[in-house]
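Trainee: Could you take me through a close look at a few charged residues in this one? I'd like to know where they sit and what is around them.

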Amino acid sequence: MSSDYALPIPQNRVIVGFGGVGVDLLATVPTFPKPDSKNRTTDLKVQGGGNTGNALTCAARLGLKPRIISKIANDPQGRALVEELEAEGIDTSFMVISKEGTTPFSYIIIDNQTKTRTCIFTEGYPKMIPEDLPRPRLLSALDGAKLAYFDVRMPETALLIAHEAFNRKIPILVDVERPREGLDELLPLTDYVICSEKFPQAWTRASTIPRALVSIMLRLPRLKFVIVTLGKNGCIMLEQLADESPLLEEIDIDSDLESLSKSKDDSTMPTIIASSITRFTAEGIGSVCGRLSIGTAEKIPESEIIDTTGAGDAFVGAILYAICANFDPRAMLPFASYVAAANCKALGARSGLPYRTDPYLVSVFAPRW
């Protein structure tokens, strides 16, 4: 395919990602093993993994130039991991390679019957510490970056990098699975949050996800948006926008989400249902001005679903590209949902990631850029 028929290259496509990398040992089985049983695999693959490694691989395939900061060991798994990242166009020169120790790895069992995956993670050692990243090297890694990404691993080093990015006015995106050490210090520096379905209520103690989103926005006034991923049920996004009208209508956010949900159609491809700019209220919490959106997921026939490993990382990688390419937020969610769905149609967290020449991405999203 002609290089002209592709997603546009953003003016500044350099991003920096810090967090987890590792090796995934993936085994597909007819059904999940019962205790004290023997099973045969129907497919097997060894591939690079880790939230940051996966998200940056996705971003690289879409046209960005990622730099990765992480730590591995100088063992066969670590060397293979670096080679794989470099083959994708990711700058690994800022990775720390320990002469001794073990590179992180995961056993991943994919159940063909239920289309679920189970991960068994083994941490690598030694872990990365701030002393592993001298200041001149850190400044070089951040030089000219459009965006910085964190998966909230290795908190002391994450905070070191985030504070420097913040001081250099580099926007920060944080991908949050659950409350972790260092998260409360990292989030006030953050411009964008993508989180799991369980995180908003776990972090805020609010009674519903929409109410939790209002609480998050009030606690983190820097945030431009927070996206909650819901797997096959799509995602919810709350954008924080300037309140330019004193006459802006106030609406209970739970009620508005319920109203938006009723507007979903039967489309098989990702869509978005967005509210108007509104002042959203949550009783006992407060109010914020913004726009609430529901992003639907692609309806993948069950026969086409191979493995959901890394679908969330693919979604994050697509959002990284969309921010750098200045996508309208209302195009961003369907774009990221399509990329995440494509990744579910192959084994492993990276095999199904689309490239910037993907015909559907180009035909639907390139004209909106």
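Mentor: Let's go through three charged residues one by one, keeping in mind that this is a predicted model.

Start with D24, which belongs to strand 2, residues 22–29. D24 is buried and yet has no salt bridge. The nearest side chain of opposite charge is that of R350, and it is 6.6 Å away. A salt bridge here needs a side-chain nitrogen of Lys or Arg within 4 Å of a carboxyl oxygen of Asp or Glu. So what does D24 touch? Leaving aside residues up to four places away in sequence, its contacts are K45, V46, Q47, G48, G49, S106, I108, T309 and A349.

Now over to K345, in the loop that runs between helix 10 (329–343) and helix 11 (359–365). K345 is partly exposed, its relative accessible area being 33%. Its contacts, again without residues up to four places away in sequence, are E298, I300, E304 and I306. There's also a nice sequence-versus-space pairing: K345 and I305 are 40 residues apart along the chain, but their C-alpha atoms are 5.1 Å apart.

Last one: D184, which you'll find in helix 5, residues 183–186. D184 is partly exposed too, with a relative accessible area of 47%. Together with E131, E156, E181 and E185, D184 forms a negative surface patch. Patch members must have over 30% relative accessible area and no salt bridge, so D184, at 47%, clears the area cut-off.

Technical notes
Residues are numbered from 1 along each chain as its sequence is written. This is a predicted model: local features need pLDDT of at least 70, side-chain atom pairs count only at pLDDT 80 or more; totals for chains, interfaces and linings use all residues. Side-chain values use heavy atoms; hydrogens and water are left out. Patches are made of residues with over 30% relative accessible area and no salt bridge: like charges are joined within 9 Å, nonpolar side chains (Val, Leu, Ile, Met, Phe, Trp, Tyr) within 5 Å. Accessible areas come from the Shrake-Rupley method with a 1.4 Å probe; for residues, only the protein chains shown count as cover. Lys and Arg count as positive and Asp and Glu as negative; His and the chain ends are not counted. The place of a charge is taken as NZ of Lys, CZ of Arg, CG of Asp or CD of Glu. Helices (H or I, at least four residues) and strands (E, at least two) are DSSP runs, numbered from the N terminus. Buried means under 20% relative accessible area, exposed over 50%, partly exposed in between (1.4 Å probe, protein chains only). Contact means heavy atoms within 4.5 Å.
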